[in-house]
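Work through these exercises with the structure open beside you. Try each task before you read its solution.

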Amino acid sequence: MLRFVRVNLGNLVLSLSDAMDLASPLLSQHQQRTAFIAWELGKDARLSEERLERTFIAALLHDIGASSLEEKVSLRNSEVEVLGHHCERGDVLLNSVPWLKDSAKIVRFHHKGWNAWNDLSESIETPVVLESQILNLSDFVERQIDRSQYILHQHEGILTRIKSRSGSMFHPDVVDLFFAVSGREEFWLDLVSPRLYSLLLHNGPFRKTEIDLSEISSISELFRNIIDFRSRFTATHSSGVAAAASMLSRIFGFTEMETKLMEVAGDLHDIGKLAIPNSILDKPGKLTKEEMAVIKSHTYYTYSVINTIGGIKQIAEWAAYHHEKLDGSGYPFHCSADDLSTGSRIMMVADIFTAIAEDRPYRQGMPREGIIKVFNQFSDRQQLDPKIINLLIENYDEIYSYVNEKQAIARDFYEKQFAFLGDVMKLEVR
Ligand SMILES: [Fe+2]
Ligand SMILES: [Fe+2]
Ligand SMILES: [Fe+2]
């Protein structure tokens, strides 16, 4: 039984940031590298520890508002700074977590050039101006790196391009800071090192900061929204799974803390979908064999992202085994009944229940009789646990209305705060 959960904040944010960038070799470590540059610049600017931390978090999560993998790739490769929506969306998302509000503002302005601040008569001394300028330059530097070339064969060209934007896109002081920190080859070699994750983990700002379950759960809710809001068709799916899983585990007799952990696992169960292109996720109708093979990796990533955080292996299993079956026919781990704990069995049922009960673009949600029939078939084939299925059927109305209530809250947040940003979907290349 789990009694006590604490994780390292640095490891948590690094792992989640990494998850957002693991989708494509064109993106890998983009936010981590940006955070490394911002951290070096912040240290050299002698920012207070608090400002350094909020800049570091903002940098690690700065593209959080880019909804699709396709959009993220186009942002990294874009020369033109016109893609403002992801900044506003990032601000809205981070603002939902009280202690990330300061980072939210930095993210909002991470593509605002110095001349735009200057036109508003803003001073570089103002915290959010300096921090967002640091992030602006850090992101620019990372996007200048040609991943097919050795870094010390290209760093001088990058410096020239920065210099030519001094006083326009970047404040001259921030450019000077960058020249000061990048004078050593070590800086560039660290920047592109495959070991950057552990470098930031062991030397970065949060190496000693531990957070407890309530903070873990506020971050898991944030990521739940990032996962769900990628597509309006599944904008409330993880909210529904988290609600169903926590309610089922409470009825089963899990402790208060275990129930809360099931909710976190439900929030994050599809985090590996961040690695899957929207063209596959949003495809109406049946997937091809090749597309299905891509989909199969999502729970593999869910496991590795959560397990890398350290100290919450149990949550990693509960979250990542939701496509497994008791007879070993699930994917991608092909767990047997012995590998599947009660928590995992609950998540398997919660995921299927939520998925078939909710409307999708290509079909309506299934009514109660249909859902019960589907679960009885799973039970007959010995693929899902009959005990959990019985719990679901016996408490159907209570679970159904709780899931609906939580999904309505998520839908409301999505529509009020997020979908209003007009062409969210148009930016996505399908
Ligand atoms: Fe950006
Ligand atoms: Fe970026
Ligand atoms: Fe899934």
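**Exercise 1. Place S121 and judge its backbone and surroundings.**

Solution.
- Step 1. Find S121 in the loop between α7 (114-119) and α8 (127-144). The model you are looking at is predicted.
- Step 2. Check the backbone. S121 has a positive phi of about 55°, yet S121 is not a glycine. Most residues other than glycine have a negative phi.
- Step 3. Count neighbours. S121 has 6 C-beta neighbours inside 10 Å. A residue with 12 or fewer counts as exposed. Therefore S121 is exposed.

**Exercise 2. Do the same for R46: where does R46 lie, and is R46 buried or exposed?**

Solution.
- Step 1. R46 sits in the loop between α2 (30-44) and α3 (49-60).
- Step 2. R46 is not a glycine, but its phi is positive, about 55°.
- Step 3. R46 counts as exposed because it has 8 C-beta neighbours inside 10 Å.

**Exercise 3. Explore the loop between α19 and α20. Which peptide bond is cis, and is L340 buried or exposed?**

Solution.
- Step 1. P332 lies in this loop, between α19 and α20.
- Step 2. The peptide bond from Y331 to P332 is cis, with omega near -5°. Most peptide bonds are trans.
- Step 3. L340 lies in the loop between α19 and α20 too.
- Step 4. L340 has 23 C-beta neighbours inside 10 Å. The cut-off for buried is 20 or more. So L340 counts as buried.
- Step 5. Set aside neighbours within four places in sequence. L340 is then in contact with Y321, E324, L326, C335 and R345.
- Step 6. Compare sequence and space. L340 and E317 are 23 residues apart in sequence, and their C-alpha atoms are 8.4 Å apart.

**Exercise 4. Describe the surroundings of S344. Which residues does S344 contact beyond its neighbours within four places in sequence?**

Solution.
- Step 1. S344 lies in helix α20.
- Step 2. S344 is buried, because 21 other C-beta atoms lie within 10 Å.
- Step 3. Leave out neighbours within four places in sequence. The contacts of S344 are then E317, W318 and Y321.
- Step 4. A265 is 79 residues from S344 along the chain, and the two C-alpha atoms are separated by 9.6 Å.

**Exercise 5. Analyse how α15 and α19 pack. At what angle do they pack, and how far apart are their axes?**

Solution.
- Step 1. Two packed helices are described by the angle between their axes and the distance between the axes.
- Step 2. Helix α15 (residues 256-268) packs on helix α19 (residues 313-320) at about 55°, with the axes 8 Å apart. That angle makes α15 oblique to α19.
- Step 3. The crossing of α15 and α19 is right-handed.
- Step 4. From α15 come L261, M262, V264, A265 and L268, which meet I315, W318 and A319 of α19.
- Step 5. Sort this contact by class. There are eight nonpolar residues, no polar ones and no charged ones.

**Exercise 6. Repeat the analysis for α20 and α22. Which residues make the contact?**

Solution.
- Step 1. The axes of helix α20 (residues 342-357) and helix α22 (residues 386-394) come within 9 Å and cross at roughly 45°. So α20 is oblique to α22.
- Step 2. α20 passes α22 in a right-handed crossing.
- Step 3. R345, I346, V349 and F353 of α20 make the contact with I388, I389 and L392 of α22.
- Step 4. The classes in the contact of α20 with α22 are six nonpolar, no polar and one charged.

**Exercise 7. Describe how the two domains meet. Which helix gives the largest share of the side of domain 1 that touches domain 2?**

Solution.
- Step 1. The protein is divided into domain 1 (8-208) and domain 2 (213-424).
- Step 2. The C-alpha centres of domain 1 and domain 2 lie 32 Å apart.
- Step 3. Domain 1 brings 21 residues to the contact, and domain 2 brings 22 residues.
- Step 4. On the domain 1 side, α1 (9-21), α4 (69-77) and α5 (85-95) each supply at least two residues. The largest share, six residues, comes from α1.
- Step 5. This side of domain 1 divides into eleven nonpolar, seven polar and three charged residues.
- Step 6. Look at α5. Eight of its eleven residues are buried, so α5 is mostly covered. Among the buried residues of α5 are H86, C87 and R89.

Key:
Residues are numbered from 1 along each chain as its sequence is written. Chains are lettered from A and ligands numbered from 1 in the order in which they are written. This is a predicted model: local features need pLDDT of at least 70, side-chain atom pairs count only at pLDDT 80 or more; totals for chains, interfaces and linings use all residues. Axes are lines fitted to C-alpha atoms, for helices over the stretch in contact, and angles run from 0 to 180 degrees between N-to-C directions. Helices (H or I, at least four residues) and strands (E, at least two) are DSSP runs, numbered from the N terminus. Angles under 35 degrees count as roughly parallel, over 145 as roughly antiparallel, 65 to 115 as roughly perpendicular and the rest as oblique. A crossing is left-handed if the near helix is turned anticlockwise from the far one by less than a right angle, and right-handed if clockwise. Two residues are in contact if their C-beta atoms, placed from the backbone, lie within 7 Å. Ala, Val, Leu, Ile, Met, Phe, Trp, Tyr, Cys and Pro count as nonpolar, Asp, Glu, Lys and Arg as charged, and the others, Gly among them, as polar. Domain bounds come from an automatic or database domain assignment.
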